[in-house]
Amino acid sequence: MVTVARLLNLTLVVPELDKTSFWSDHSDFEDIFDVRHFIDSLRDEVRIVKRLPKRFSRKHGFEAFRMRPVSWSNEKYYLEQILPLFSKYKVVHFTKTDTRLANNGILHDLQKLRCRVNFQGLKFTPEIETLGYKLVRILQEKGPFMALHLRYEMDMLAFSGCTHGCTVEEAEELKRLRYVYPWWREKEIVSEERRQKGLCPLAPEEASLILQALGFDKETQIYIASGEIYGSERRLAPLRAAFPRIVKKETLLDPVELQQFQNHSSQMAALDFMVSVASNTFIPTYDGNMAKVVEGHRRYLGFKKSILPDRKKLVELLDLHQNGTLPWNDFALAVRQAHDKRMGQPFRRRIIPDKPKEEDYFYANPQECLCEGTNCEDLLGPGNSNTLQ
C-alpha cells in the first residue's frame, strides 16, 4: 500500500491489522513494527500518518468509504478506478491489502520502492528484535541450524481441508471448524485430492522422511518455526525420533521472556521469522505468506540456502515409497534430484499471464532488489526467460 500511495500521491495511514482471524490476535501494527522508523525511513517517498485527522473520525460524523481493491492490479487500475474515489470520498479504507498490486509489469521505480519498504522500512519493535536476536544467538552457539517452518497447525489444516494422517475424530473437528469461519469459502473438501495436487502442508512424519532423503542426519539442529502443532507431541514423535535435536522458542527461552507475547500469534511469528531468516537452511512445509517473505529476505541477504519443497512431486514419491514400490535409496535419490534447482538459487520470477496467483510472488523473489542494470543478466539470466503460457 506504500507503493499505491506513492503512485496516487496520497497520504497513507499506518495500516490496521486483521483482528478477526482464527487466532484472535489483537496486535496492532505498532505492537509488531517500529512505527516511527517506518514513517521516517519512507518520508522522502510517501507521507504516512499514525491516524486520521479528527475531522475524518467517526466522532465527527465522518464515515470512510470502504472497499476491497481487486487483487493483482496494475497502475492503470489504481489511476483510473481508485484515484477518482478519493476525489469523491476524501478517505478510502481498503479492507484487504494483501496481493492487491501485480507482481510484474509495474514501473521499475515503484518496484524499487517495494524493495525499500520490505528491506528497510519495516523493522520489528525493540522488544521483538531483542528476543529474536537472543534466540538466534542461542542456536548459533550450538552450531549450524535449520529452520523448519512446519505449517501443520489447526487453522491451516481446517482451512485447507488437509487431514492426511489425522484420526476420524480429528478430521471431523477440522471440518466443523471450517464451517465456523464464513470467510473460509470452501467447506466440502476431499483431502486426498488436495494432497495429490500438492496443495497440503507436509505432515510431520512426511517432513521427517524428506529431510532424511535430503541428507540431513540425527545431529542436525532443527528449530520448529510454528505455533502449536496439531496433534502435539503425538504427531511430532516420528520427526523427533529421527532428529532428536529439535527445539522451539518455548524450549529455548524462559516462559517469563515469552509472557509478553502470549496470545499474540503475530508477534510470536515475528520471532520465528527472525530465526528463519538467520538460519543456515530454511525449509517451509507449505508455501504460505510467511514462507514466501522469508524466502525473499534470504534471497536479498545473498541467496541463503532455502529448500523449497515440490509438494506434488513429494506426495507421489512418498506414496510410492510407503507402499513398498520405491526402495529407500531410489526414493532418496529422486527427492534430491527433484530439489536440485529448488535451493534458493538466483533466477528470474516466473510470469504466468492471467494467472498471477500461480506465478512467483514479488516478495518471494524480489529480483528488482537484488541487482542493477547489466549485472542482472549475469546473476539471473536473460530477461523474460521465465514467462509461461
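Start with the lining of the second largest cavity: its residues divide into 7 nonpolar, 1 polar and no charged (Ala, Val, Leu, Ile, Met, Phe, Trp, Tyr, Cys and Pro count as nonpolar, Asp, Glu, Lys and Arg as charged, and the others, Gly among them, as polar). This is a predicted model, in which local features need pLDDT of at least 70 and side-chain atom pairs count only at pLDDT 80 or more, while totals for chains, interfaces and linings use all residues. Residues are numbered from 1 along each chain as its sequence is written, and side-chain values use heavy atoms, with hydrogens and water left out.

To see this lining, select Leu-148, Leu-202, Ala-207, Ile-210, Leu-211, Ile-283, Thr-285 and Pro-309. The space they line has a volume of about 40 Å³. A cavity here is a set of points, on a 1 Å grid over the protein atoms alone, where a 1.4 Å probe fits but cannot get out; lining residues have an atom within 4 Å of a point. Grid points are joined across faces, edges and corners, and the volume is the space filled by probe spheres set on the points. Helix H10 gives the most to this lining, with 3 residues.

Next, select H10 itself, residues 204-213. Helices are DSSP runs (H or I, at least four residues), numbered from the N terminus. Of the 10 residues of H10, 8 are buried, so the helix is largely enclosed by the rest of the structure. Buried means under 20% relative accessible area, with a 1.4 Å probe and protein chains only. The buried residues are Pro-204, Glu-206, Ala-207, Ser-208, Leu-209, Ile-210, Leu-211 and Ala-213. Just after H10, look at Gly-215, which takes a positive phi of about 100°.

Keep H10 shown and add helix H17, residues 328-338. The two axes come within 8 Å and cross at roughly 85°; axes are lines fitted to C-alpha atoms, for helices over the stretch in contact, and angles run from 0 to 180 degrees between N-to-C directions. H10 and H17 are therefore roughly perpendicular to each other (65 to 115 degrees). On the H10 side, the contact (heavy atoms within 4.5 Å) is made by Leu-209, Ile-210, Gln-212 and Ala-213, and on the H17 side by Trp-328, Phe-331, Ala-332, Val-335 and Arg-336. By class, these residues are 7 nonpolar, 1 polar and 1 charged.

Now swap H17 for helix H16, residues 311-322. H10 and H16 pack at an angle of about 90°, with their axes 11 Å apart, which makes H10 roughly perpendicular to H16. Select Glu-206, Leu-209 and Ile-210 of H10 with Leu-314, Leu-318 and Gln-322 of H16 to show the contact. Its residues divide into 4 nonpolar, 1 polar and 1 charged.

Move on to the largest cavity, which holds about 80 Å³ of space. Its lining includes Tyr-152, Cys-162, His-164, Arg-195, Leu-202, Glu-206 and Val-315. The full lining has 8 nonpolar, 2 polar and 2 charged residues.

Then select Ser-160, in helix H7 (residues 154-160). Ser-160 is buried, with a relative accessible area of 1%. Leaving aside neighbours within four places in sequence, Ser-160 is in contact with Ile-189, Arg-194 and Pro-201.

Finish at Gln-267, in helix H14 (residues 265-278). Gln-267 is buried, at 7% relative accessible area. Not counting residues up to four places away in sequence, Gln-267 touches Asp-25, Ser-27, Asp-31, Ile-32, Ile-128, Gln-260 and Phe-261.

Definitions and conventions
Helix = DSSP H or I, 4+ residues; strand = E, 2+ residues; numbered from the N terminus. Parallel < 35°, antiparallel > 145°, perpendicular 65-115°, else oblique. 1 Å grid on protein atoms, 1.4 Å probe; cavity = no way out; pocket = protein on both sides within 12 Å on 5 of 7 lines; lining within 4 Å. Buried < 20%, exposed > 50% of the residue type's maximum accessible area, 1.4 Å probe, protein only.
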